[in-house]
Amino acid sequence: MPDFHRNVWYPFTILKEAPTPVKVEKGDGLWLELEDGRRIMDCISSWWVNIHGHAHPKMAKAIADQAKKLEQVIFANFTHDPAERLAEQVTAQLPGELNRVFFSDDGSTAVEVAMKMAYQYWHNQGEERTKFICFEGAYHGDTFGAMSAGERSVFTEVFEDLLFDVDFLPYPDTWMDDDTVGDREDKIIRQLEKMLDENPETYAGIIIEPLIQGAGGMRMCREDFLQKLHWVNRQFDTLLIFDEVMTGFGRTGDWFACRRAQVEPDLIAVAKGLTGGFLPLSLTIASDTIFEAFNSSDPIKTFWHGHSYTANPIGCAAGLASMELMHENEPVFSEMEQWHREELEPLRDHPKLKKHRVTGTIAAMEIDTEDADGYLNPVANKIKKECVDKGLLIRPLGNVVYLMPPYCTTREQLSKMYQGIKKLLEE
């Protein structure tokens, strides 16, 4: 067994096979300093949350200032300025009627809240729509509702009997030089239309990770597909839920994937980059139409949900600082896609790589191995062990190697990340 701390149980870790955890002493922008003094580049924004880099002084100051003023207050029958300002600023970047913000604590919970809202929306109108349409390969979190909406995999197998039933559609993932995606998209849309036409009062909503499936392997779809999906959703009068926990806050090259795709979902879940990686906080944002279905004096139509730390003022202060930095960094997250494309071009014919793809600040490619593709491909453990010696923090999703750097990354630093990947492949 690796040399784990005797009191700590680490997440997503096969205990007897994992390498000994690398101890980090401090962070500075793109860089992490290890216990032994080495510095490595955080190529994945530490599980996709540190969008502005580590220990940003503006973020730290906002948190410290708020902690001196108001650290926490119950958010039922009370409110405070940081929560109201953050809700205003986030919704200002979203399309149409997405104006009603519900605070919670993490991405899984934000998704659960969205699904509960969708289910109860129909109940409040006298309709019992009990199923969701989801997509193969999806990962929406690790709570039971979020697991139910996700791919049935090693993550969920133990709990299979406890998950509620959903209907899955294929996810039309695509990559560079893929000339089959249009036909595959149309086939999925026809399948969706048939499901909704035959069962018009069955489905409470459709939930999707727009443009990029994260933990499912950085699988990417086109904006065209989301527009087709949105059209069908409106034609058949169901609800469209975007899980933007990972794709939100600049990751797709725009503030949100829905903006890039020019699609207005009914519900959107966000977290991760919301506070720049400093504190746990999430939002579920509903349309005005959905909100009005709960706007009643009838207790049965109330949305009975909440958390002890709902809209925590310090977390909201971190969110406000992150929003300010988002405006400052917009030129970087809108331009990084082109940087990735320039770096990927020389790798297009690499004999060990396939399915190169990029959307916004995220680039991914698959290592061609003798083992089956997927999360349990053993090449991941090899890379995890060796990347630190190359000065990189990379955590492959099986045989999928991806880069998702923070917005403080320079063009030259991104190039060094690719150079490190080439060295790993050579070895």
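In this predicted model, strands E5 and E6 run parallel and are joined by three bridges. Within that pairing, isoleucine 133 has aspartate 167 of E6 as its bridge partner. On the E7 side, E5 again pairs in the parallel sense, over three bridges, and here isoleucine 133 stands opposite isoleucine 206 of E7. Isoleucine 133 is thus a handy place to start a tour of the sheet, with a partner in E6 and another in E7. For a reader meeting such an arrangement for the first time, it helps to recall that strands of a sheet pair through backbone hydrogen bonds, either parallel or antiparallel.

E5 is also mostly covered, with five of its five residues buried. Both of its faces take part in this: Lys131, Ile133 and Phe135 are buried on one side, and Phe132 and Cys134 are buried on the other. The presence of a lysine in this list is worth keeping in mind, as Lys131 returns below in a salt bridge with an aspartate.

Stepping back, the open sheet that contains these strands has seven members, in the order E4-E12-E11-E10-E7-E5-E6, and its pairing is mixed. E6 and strand E4 (98-104) form the edges, each pairing on one side only. From one strand to the next, the twist averages 20°. Between E5 and E10 in this order lies E7. Strand E7 (residues 203-208) pairs with strand E10 (residues 239-243) in the parallel sense over four bridges, and glycine 205 stands opposite leucine 239 of E10.

Towards the E4 edge, the order of the sheet places E12 beside E4. Strand E12 (residues 282-287) includes serine 287. With a relative accessibility of 4%, serine 287 counts as buried. Apart from neighbours within four places in sequence, serine 287 is in contact with Glu97, Leu98, Arg100 and Asp266.

Charged side chains offer a second way to explore the model. Side chains of opposite charge can pair when their charged atoms come close. The structure holds 30 salt bridges. One of them joins aspartate 165 and lysine 131, with 3.4 Å from N to O. This pair links distant parts of the chain, 34 residues apart: lysine 131 belongs to strand E5 (residues 131-135), while aspartate 165 sits in the loop between helix H5 (144-148) and strand E6 (167-169). Which partner is exposed, and which is buried? Aspartate 165 counts as exposed because its relative accessibility is 52%, whereas lysine 131, at 18%, counts as buried.

A second salt bridge is formed by lysine 228 and aspartate 186, whose closest N and O atoms are 3.0 Å apart. Here, too, distant parts of the chain are linked: lysine 228 lies in helix H7 (residues 223-235) and aspartate 186 in helix H6 (residues 181-198), 42 residues apart. Lysine 228 is partly exposed, at 25% relative accessibility, and aspartate 186 is partly exposed as well, at 33%. The pair does not stand alone, for Glu185, Asp186, Arg222, Asp224 and Lys228 are linked in a network of salt bridges.

A third salt bridge connects arginine 411 with glutamate 343, and the closest N and O atoms are 2.7 Å apart. The two residues are 68 residues apart and again link distant parts of the chain, with arginine 411 in helix H12 (residues 411-426) and glutamate 343 in helix H10 (residues 313-344). Arginine 411 counts as partly exposed, with a relative accessibility of 22%. Glutamate 343 has a value of 10% and therefore counts as buried.

Helix H10 also has a packing partner. Helix H3 (residues 81-91) packs against H10 at an angle of about 35°, and their axes are 8 Å apart. The crossing of the two helices is left-handed. H3 contributes Pro82, Ala83, Arg85, Leu86, Gln89 and Val90 to the contact, and these meet Pro313, Cys316, Ala317, Gly319, Leu320 and Met323 of H10. What is the make-up of this contact by class? Nine of the residues are nonpolar, two are polar and one is charged.

How values were computed:
Residues numbered from 1 in each chain as written. Predicted model: local features only at pLDDT ≥ 70, side-chain atom pairs only at ≥ 80, totals over all residues. Heavy atoms only, no water. Salt bridge = Lys/Arg side-chain N within 4 Å of Asp/Glu carboxyl O. Buried < 20%, exposed > 50% of the residue type's maximum accessible area, 1.4 Å probe, protein only. Axes fitted to C-alpha atoms, helices over the stretch in contact; angles between N-to-C directions. Left-handed = near helix turned anticlockwise from the far one by under 90°. Contact = heavy atoms within 4.5 Å. Nonpolar A, V, L, I, M, F, W, Y, C, P; charged D, E, K, R; others polar. Pairing = 2+ DSSP bridges.
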